[in-house]
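Visitor: I've just opened this structure and I'd like to learn how to read it. Could you walk me through it, one feature at a time?

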Amino acid sequence: MDKILSMLADPNMQWIFLGCTLLGLSSGVIGCFSYLRKQSLMGDTLAHAALPGICIAFMLTGVKSIGLFLIGAGIAGLAATLGIGYITRNSKLKQDAAMGIVLSGFFGLGIVLLTFIQHGNYGNQSGLDKFMFGQAASMIASDVVAMTIVCGLLISVCALLFKQFKIISFDPGFARGIGYPVAFLEQLLMFLIVVAVVAGIQAVGVVLVAALLITPAVSARYWTDRLGLMVILSGLIGAASGAAGTWISASVSNLPTGPVTVLAATMLFGISVLFGPKRGLVAKRLMRRKAKRRFNRDTELHAQGSVKKEAAL
Amino acid sequence: MNVTTTAAAQHTNTVAPLAIRGLSVAYQKKPVLRNVSFEVKEGELIGVIGPNGAGKSTLMKAALGLIPSIGGEVLVYGKSYKQQRKLIGYVPQRESVDWDFPTNALDVVLMGRYGHLGWFRRPGAKEKAIAVECLSKVGMADYADRQISQLSGGQQQRVFLARALAQDAKLYFMDEPFAGVDAATEKAIITLLQELKLQGKTVIVVHHDLATVQDYFDSVLLLNVELQAYGPTAQTFTQEHLQRTYGGRLAFLDRNLQSPPPSGKGE
């Protein structure tokens, strides 16, 4: 307990703690919709697509600025979503295949550009590779302020357009039928995922950031059958993972925050799979045992009943 | 060939709930619908029949603007469907959605009210009351809180119907509502169709079971890429038309339909 308190007394640590918690919260909320739309891989695609965006931003400006990198990553992410949308609309390819192509294509380009930068005359290139696996410790006050704005924006859009996002996740055909601009809403949802991914890259890195979108959402689904509650739970699970990740990595020396955050989320997922009511493995096992016992008892009673009847005869 | 109905001509005083002129749809090179034109009469139950791949669902989706057409015009009460969305109710095929979605029956029915709500307004007590009423109309009031994955196929279909009812439309499109449902649901759907008809609503139903066409529908539309025949069931549901639509691949023709077909159903 002392350790937590002393850790939280450090202002630098406070920023990182707050940043990771907010990141988990917003990714958890927005991740629900991409999971329910069967686009769990979308976050992964967008994260990988961000790498060439970051590299190009650096090559164009020669400056290692987080803000510029985020703009580059955002543009690349949007290009990727438009690309996926274009491929699925205009070819027979399904979305998973389109995502696979776009993801690996963009990531390949990113690695090539990264190598190019490291062997070029860019001087100030060290640190770009940090985006691969993230470095939460590099977060400063201004980053956290930006993250707070992003988090607030994501959550308010999801709250305002909750019924639209719900219906395009459940039945897009019906949504189109009642006149909702489904294509626009789908692009908006994608854009929000891009924003969440870009916000998360600094802390968690290109490779792992998708986990923050998928894992809390899938875990939350185990605890509830209501979308509203699922979104809230998913946000909380994400936030708890971020908080736990920061705390554990600060208490144990030399553990990276991002991967530990993802591991914390994975652990919460494991708990959900095991102990979720109704859907959890334990609950299912118990239910089956109960049903079996009742069945046995009923057949026994039935048998006794017929025996008695026979005796009465 | 122009198979507009004589029925529509008799009803010149009212605007047809649905008028389709020269509608064509192609997914790839081959057209799925070619030059389909017809007008439906207000307050009728219309069955759309035809073999698999005849374009029945496509006709419905193109009329609703869910898929692009390559030609033709769709008018709902005299205006483009985009202006008349609130007048249209739609029951998609049950398989078109994931029933494991985290929501309950009442919530799905409430979606039928979304078109009447502003963008940022949540459904309130009034909408909930309408949704509950619609659920009870399809005999599902007791299942309002039930998670939708725990409903049987027939019950899911009835939830979809209740959602369409909640839309409070004048013209309904139903894509195979009878497909794979139990007897109780079939009966509930029929009752509902009759009630909609009594309220003066027009219902267009994609249907598969030829044996029940004469019982259920006032008019029948036979489709096989092109419109084969359309008109009052008694005159249109004939062996000749069925043969043309199904290409004589139908044992049903010989067994159930002695020509001329029975004009009414004696029950």
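Visitor: Let's start where the chains meet. How many residues does the contact take from chain B and from chain A?

Guide: First, some ground rules: this is a predicted model, where local features need pLDDT of at least 70, side-chain atom pairs count only at pLDDT 80 or more, and totals for chains, interfaces and linings use all residues. Residues are numbered from 1 along each chain as its sequence is written, chains are lettered from A and ligands numbered from 1 in the order in which they are written, and side-chain values use heavy atoms, with hydrogens and water left out. Now, contact means heavy atoms within 4.5 Å. Here chain B gives 30 residues and chain A gives 30 residues.

Visitor: And how much area do chain B and chain A bury between them?

Guide: Buried area is the accessible area (1.4 Å probe) that two parts lose on being put together, summed over both. For this pair it comes to about 2700 Å², with 62% of it on carbon and sulfur atoms. On the chain B side, the residues that lose the most area to chain A are B:F101, B:P102 and B:W119, together 28% of what that side buries.

Visitor: How many salt bridges does the rule find across the interface of chain B and chain A?

Guide: The rule asks for a side-chain nitrogen of Lys or Arg within 4 Å of a carboxyl oxygen of Asp or Glu. It finds five across this interface, while the search of the whole structure gives 19 over all chains. Take A:K166 and B:D107, whose side chains meet at 2.5 Å, N to O. That pair runs from helix α8 of chain A to helix α3 of chain B. Another salt bridge joins A:D171 to B:R163 (2.8 Å, N to O).

Visitor: Which helices of chain B each supply at least two residues of the side that touches chain A?

Guide: Helices (H or I, at least four residues) and strands (E, at least two) are DSSP runs, numbered from the N terminus. After the salt bridges just mentioned, look at α3 (105-110) and α5 (153-166) of chain B. By class, that side of chain B has 15 nonpolar, eight polar and seven charged residues. In this sorting, Ala, Val, Leu, Ile, Met, Phe, Trp, Tyr, Cys and Pro are nonpolar, Asp, Glu, Lys and Arg are charged, and the others, Gly among them, are polar.

Visitor: What about chain A: how many helices and strands has it?

Guide: Chain A has 14 helices and zero strands. Its C-alpha trace spans about 105 × 60 × 35 Å along its principal axes.

Visitor: How do I read empty space?

Guide: Rolling a probe the size of a water molecule over the atoms shows where empty space is left. On a 1 Å grid over the protein atoms alone, a cavity is a set of points where a 1.4 Å probe fits but cannot get out; a pocket is an open set with protein on both sides within 12 Å along at least five of seven lines; lining residues have an atom within 4 Å of a point. Grid points are joined across faces, edges and corners, and a volume is the space filled by probe spheres set on the points.

Visitor: How many cavities of 30 Å³ or more does the structure hold?

Guide: Three. The largest cavity holds about 50 Å³ of space, and its lining includes B:L18, B:F38 and B:K56. α2(B) gives the largest share of that lining, four residues.

Visitor: And how much space lies in the largest pocket?

Guide: About 1500 Å³. Its lining has 39 residues, with A:T88, A:R89, A:P172, A:R176 and A:E186 nearest its centre. The largest share of that lining, five residues, comes from α10(A).
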